[in-house]
Amino acid sequence: MPNPTSNIPQHVAIIMDGNGRWAKARGLPRIMGHKKGAESLRSTLEACKKTGIRYLTIYAFSSENWKRPVIEVGDLMELLRTFLDKEISTLHKNGVKLRVIGDLSKLASDIHTQIKAAETLTSNNQDFNLTVALSYGARQEILQAMQKMATLVENGDIAINTIDEDTVSSLLYTHSIPDPDLLIRTAGEQRLSNFLLWQSAYTELYFTNVLWPDFSPEHLHEAIIEYSNRERRYGTTSE
Ligand code: FPP
């Protein structure tokens with residue numbers, strides 16, 4: 001496996017796309033693609049941790065995914081229940097702090113309870129940060145931040161002329177997480193699909209045709225090598 005030695009991203013975000021196509025290509029129900037995708041998530045998380053990455057943020061279920069057929073949504077929620085039930089103790093043992101971001105009010109109350117318990121259990125862990133975006137949409141996240149900001153102004157808690165980029169960042173779901181350095185999207189599509197729109201202003205984007213269930217630590221390392229060869233200028237010149 002290649003060993004990227006320098007310039008490791010601190011925070012990697014992933015749009016895990018292609019589960020359905022992976023299953024279809026094998027004549028399997030879509031849920032089998034999602035299950036295999038959950039395995040890719042496990043191996044990717046381990047590889048991130050080993051490589052020295054500190055933050056992994058995954059797009060597990062978008063606010064638009066609620067429009068999928070009821071059966072598929074139910075299957076994905078069941079997979080989530082199993083993940084929260086079976087994986088949390090391993091994550092905790094490995095020093096992983098779990099955060100879930102998104103409009104959690106739409107989730108079933110038992111999942112909500114599982115999420116809160118998992119976040120509390122892992123809240124003091126410091127070795128690695130896994131953030132799961134669930135029922136998440138970036139525009140909705142920015143909208144709720146604007147609403148909070150309007151309330152703060154209305155109550156006289158902040159003055160309009162003191163509002164800056166940090167104020168906005170502090171009101172997003174991701175307030176305690178650095179912006180992603182590298183965003184990977186699998187399965188060929190080249191768009192952000194309403195994921196981390198504010199946070200990815202300067203993020204390096206990496207697109208691969210590999211379907212998420214086929215994504216392996218080797219693919220992660222290819223992305224990191226490409227990242228480490230890019231020059232991030234944040235709008236400045238290279239001189
Ligand atoms: C996109 O593939 C994937 C999803 C909508 C779900 C991602 C979920 C997992 C990988 C399960 C593991 C995560 C947790 C936290 C349990 P798609 O279905 O849109 O694929 P397609 O574009 O090929 O149809």
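A polar contact is a pair of N or O atoms within 3.5 Å. The model discussed here is predicted. With that cut-off in hand, the ligand comes first.

**Ligand contacts**

Which backbone atoms approach the ligand's oxygen atoms? A backbone N or O atom of asparagine 19 lies 3.1 Å from a ligand oxygen. For glycine 20, a backbone N or O atom is 3.0 Å from an oxygen atom of the ligand. Arginine 30 uses its side chain instead: one of the N or O atoms there is 2.8 Å from a ligand oxygen. Each of these distances falls within 3.5 Å, so each pair meets the distance cut-off for a polar contact.

| Residue | Protein atom | Distance to a ligand oxygen atom |
|---|---|---|
| Asparagine 19 | backbone N or O | 3.1 Å |
| Glycine 20 | backbone N or O | 3.0 Å |
| Arginine 30 | side-chain N or O | 2.8 Å |

On its own, the ligand has 630 Å² of accessible area, and the protein covers 91% of that.

**The shell around the ligand**

The ligand has 17 residues around it. Asp17, Gly20, Arg21, Arg30 and Arg68 come nearest. By class, the shell holds seven nonpolar, six polar and four charged residues. Which elements supply two or more of the shell residues? They are helix 1 (19-25), helix 2 (30-51) and helix 3 (70-86). Helix 2 gives the most, with five residues. Arg30 is at the start of the helix 2 range, and its side chain makes the 2.8 Å approach to a ligand oxygen. Asparagine 19 and glycine 20, with their backbone approaches, fall in the range of helix 1.

**The largest pocket**

Where does the ligand sit? Its space is the largest pocket. That pocket has a volume of about 740 Å³. Its lining counts 31 residues, and Met16, Asn19, Tyr59, Ala60 and Asn65 are the closest to its centre. Asn19 thus appears again, here beside the pocket centre and earlier with a backbone atom 3.1 Å from a ligand oxygen. Helix 1, helix 2, strand 2 (55-62), helix 3 and strand 4 (128-136) each give two or more residues to the lining. The lining divides into 16 nonpolar, eight polar and seven charged residues.

**The cavity**

How many cavities of 30 Å³ or more does a search of the whole structure find? It finds one. The largest cavity has a volume of about 30 Å³. Its lining is made by Leu80, Phe83, Leu84, Leu98, Val100, Ile115, Val132 and Leu134. Helix 3, strand 3 (96-101) and strand 4 each contribute two or more of these residues. Helix 3 gives the most, with three. By class, the cavity lining has eight nonpolar residues, with no polar and no charged ones.

Helix 3 and strand 4 serve both spaces: each gives two or more residues to the pocket lining and to the cavity lining.

Conventions: Residues are numbered from 1 along each chain as its sequence is written. This is a predicted model: local features need pLDDT of at least 70, side-chain atom pairs count only at pLDDT 80 or more; totals for chains, interfaces and linings use all residues. Side-chain values use heavy atoms; hydrogens and water are left out. A residue is near a molecule or strand if one of its heavy atoms lies within 4 Å of it. A polar contact is a pair of N or O atoms within 3.5 Å; within protein, one must be able to donate a hydrogen and the other to accept it, and residues adjacent in sequence count only if both atoms are side-chain atoms. Accessible areas come from the Shrake-Rupley method with a 1.4 Å probe; for residues, only the protein chains shown count as cover. On a 1 Å grid over the protein atoms alone, a cavity is a set of points where a 1.4 Å probe fits but cannot get out, and a pocket is an open set with protein on both sides within 12 Å along at least five of seven lines; lining residues have an atom within 4 Å of a point. A molecule sits in a cavity or pocket if more than half of its atoms lie within 2 Å of its grid points. Helices (H or I, at least four residues) and strands (E, at least two) are DSSP runs, numbered from the N terminus. Ala, Val, Leu, Ile, Met, Phe, Trp, Tyr, Cys and Pro count as nonpolar, Asp, Glu, Lys and Arg as charged, and the others, Gly among them, as polar. Grid points are joined across faces, edges and corners, and a volume is the space filled by probe spheres set on the points.
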